[in-house]
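Good morning, and thank you for joining this session. I would like to introduce a structure that may be new to you, beginning with its overall form and then turning to particular residues.

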Amino acid sequence: KVLSNAQDLSGIEEVLNKIKAENNCLRKDNTDFIHRLQDLDCTMQSKILALDSELKGKVTELQKLEAVMEEQKAQQLQEHSALKLEVNNLREKQQELEKIHNDKFQTILQQQEERLRCAVQQARVEVTSHYEAEQSKVEELYRSDVMNLKMQHQKELDDLNVEM
């Protein structure tokens, strides 16, 4: 029975190790996802800086060409606004994706914690049940041995009494 309990506990530990491995994998995936999002943000920032630099060059050019300045300035402002809007939209989408990912990650962690709690509780119940059954058997054996000893001692006393 003790060996069976040990095997049950070993099985539970194996399940716990698998769950821990899954948690580590999910944490790594989360970290990888965050790094990819950070890389995307860096790329967007680089594009913004490049566009900003290009825009400054165009402003200098526009100052030299006053005849066409109003038309090009309006066009640049329109492009800049569109880029800002696109960047804001991308940032909002990035935040939404991060929130969705984090929510899913938390849900998975909570589900795994609940499964773990259930497995531990079930193991406790089984171990307690096995322990109580074994204890009951030992007590019954003890009572039986005591009874046999009493009967043997009584017989010996009776034999001694008969001899006397």
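In what follows I describe the overall form, two pairs of residues, the salt bridges and a charged patch.

Please keep in mind throughout that this is a predicted model.

Let me begin with the fold. The protein contains two helices and zero strands. With a radius of gyration of 39 Å, well over the 15 Å that the globule rule gives for 164 residues, the protein is more spread out than a compact globule. The dimensions of the C-alpha trace can be stated as well: along the principal axes of the protein it spans about 145 × 15 × 15 Å. What share of the 164 residues is buried? Buried residues make up 10% of them.

The two helices can now be located. Helix α1 covers residues 2-64, and helix α2 covers residues 69-163.

Next, I turn to distances in sequence and in space. Consider E79, which is found in helix α2. Its relative accessibility is 38%, and E79 therefore counts as partly exposed, since that class lies between the limits of 20% and 50%. How far apart in space are E79 and V125? Their C-alpha atoms are 68 Å apart, with these positions 46 residues apart in sequence terms.

A second pair is L97 and L40. L97 is also located in helix α2, and at 46% relative accessibility it counts as partly exposed. L97 and L40 are 57 residues apart in sequence, and their C-alpha atoms lie 13 Å apart in space.

I come now to the charged side chains. As a general point, side chains of opposite charge can pair when their charged atoms come close. How many salt bridges does a search of the whole structure find? The search finds seven, and I shall present three examples.

The first example joins K18 and E14, whose closest N and O atoms are 3.8 Å apart. Both residues belong to helix α1, and because they are four residues apart there, about one helical turn separates them. K18 is exposed, with a relative accessible area of 52%, whereas E14 is partly exposed at 46%.

The second example is also in helix α1, where K56 and D52 lie four residues apart, about one turn of the helix. The closest N and O atoms of this salt bridge are 3.7 Å apart. K56 counts as exposed at 54% relative accessibility, while D52 is partly exposed, with a relative accessible area of 31%.

The third example takes us to helix α2. There, E134 and K137 are three residues apart, so they are separated by about one helical turn. Their side chains meet in a salt bridge, at 3.9 Å from N to O. Both partners count as partly exposed: E134 has a relative accessibility of 28%, and K137 has one of 48%.

Finally, I would draw your attention to a patch on the surface. Which residues form the negative surface patch? They are E156, D158, D159 and E163. Of these, E163 is found in helix α2. Is E163 buried or exposed? At 66% relative accessibility, E163 counts as exposed, because that value is over the 50% limit for this class.

To close, let me return to the general picture: the model is predicted, and the protein it shows has two helices and zero strands. Thank you for your attention.

Terms used:
Residues are numbered from 1 along each chain as its sequence is written. This is a predicted model: local features need pLDDT of at least 70, side-chain atom pairs count only at pLDDT 80 or more; totals for chains, interfaces and linings use all residues. Side-chain values use heavy atoms; hydrogens and water are left out. Patches are made of residues with over 30% relative accessible area and no salt bridge: like charges are joined within 9 Å, nonpolar side chains (Val, Leu, Ile, Met, Phe, Trp, Tyr) within 5 Å. Accessible areas come from the Shrake-Rupley method with a 1.4 Å probe; for residues, only the protein chains shown count as cover. A salt bridge is a side-chain nitrogen of Lys or Arg within 4 Å of a carboxyl oxygen of Asp or Glu. Lys and Arg count as positive and Asp and Glu as negative; His and the chain ends are not counted. The place of a charge is taken as NZ of Lys, CZ of Arg, CG of Asp or CD of Glu. Buried means under 20% relative accessible area, exposed over 50%, partly exposed in between (1.4 Å probe, protein chains only). The radius of gyration is taken over C-alpha atoms; the globule rule is 2.2 Å times the number of residues to the power 0.38.
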